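Me: Please take a close look at the ligand site. I would like one connected account of the residues and the space there.

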Amino acid sequence: MAIQRTFSIIKPDATKRNLTGQIIAKFEEAGLRVVASKRIQLTLAQAQQFYGVHKDRPFFDELCEFMISEPIVVQVLEGEDAIAKNREVMGATNPADAAPGTIRKEFALSIGENSVHGSDAPETAAEEIAFFFSGLELVG
Ligand code: UDP
């Protein structure tokens, strides 16, 4: 499997509880390298655009309000099979279903406040990276 890049967000529930370093350690232990990172606070319009694919789901408004409630850390992670590897380290969307040792099992508060986002496919990874980072900010 070739070296890939994926997009990650450390969500408000985790930045608020000062878990950024512990979450990054999980990525690094899994062989993922942080090649871009910044701490930002989304506007409502930006959150709605980013999660546009979920706009008709019942949790959309709550999700967007949550995502703007505190700063987030957006990152690009690089490594072999990075998209799948990141999803594995994150664990299932609902922490109740997440495997032991995963970020969501250890840190997530609920299915909504679940500490991390990670791209689910090469196309979404490319789109999400471009949404938050310019080429100049990516240092491989
Ligand atoms: N989410 C939620 N309620 C649900 C399903 C999802 O609040 O019933 C939120 C949750 O924060 C999740 C995000 O919406 O991480 C995106 O959902 P998706 O199904 O894409 O899960 P993910 O890819 O983040 O595991």
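Reply: Here is the ligand site, first its contacts and then its pocket.

This is a predicted model, in which local features need pLDDT of at least 70, side-chain atom pairs count only at pLDDT 80 or more, and totals for chains, interfaces and linings use all residues. Residues are numbered from 1 along each chain as its sequence is written, and side-chain values use heavy atoms, with hydrogens and water left out.

K11, H54, F59, L63, R87, T93, R104, I111, G112 and N114 surround the ligand (a heavy atom within 4 Å). By class, this shell holds three nonpolar, four polar and three charged residues. Ala, Val, Leu, Ile, Met, Phe, Trp, Tyr, Cys and Pro count as nonpolar, Asp, Glu, Lys and Arg as charged, and the others, Gly among them, as polar.

Polar contacts are pairs of N or O atoms within 3.5 Å. K11 places a polar side-chain atom 3.0 Å from a ligand oxygen. For R104, the distance to a ligand oxygen is 3.0 Å. The side chain of N114 has an N or O atom 2.9 Å from an oxygen of the ligand. Taken alone, the ligand exposes 500 Å², and the protein buries 79% of that (Shrake-Rupley method, 1.4 Å probe).

The ligand takes the space of the largest pocket (more than half of its atoms within 2 Å of the grid points). On a 1 Å grid over the protein atoms alone, a pocket is an open set of points where a 1.4 Å probe fits, with protein on both sides within 12 Å along at least five of seven lines; lining residues have an atom within 4 Å of a point. The largest pocket holds about 760 Å³, a volume filled by probe spheres set on the points. Of its 26 lining residues, Y51, H54, F59, L63 and H117 are closest to the centre. α7 gives the most to the lining, four residues (helices are DSSP runs of H or I, at least four residues).

Methods. A polar contact is a pair of N or O atoms within 3.5 Å; within protein, one must be able to donate a hydrogen and the other to accept it, and residues adjacent in sequence count only if both atoms are side-chain atoms. Helices (H or I, at least four residues) and strands (E, at least two) are DSSP runs, numbered from the N terminus.
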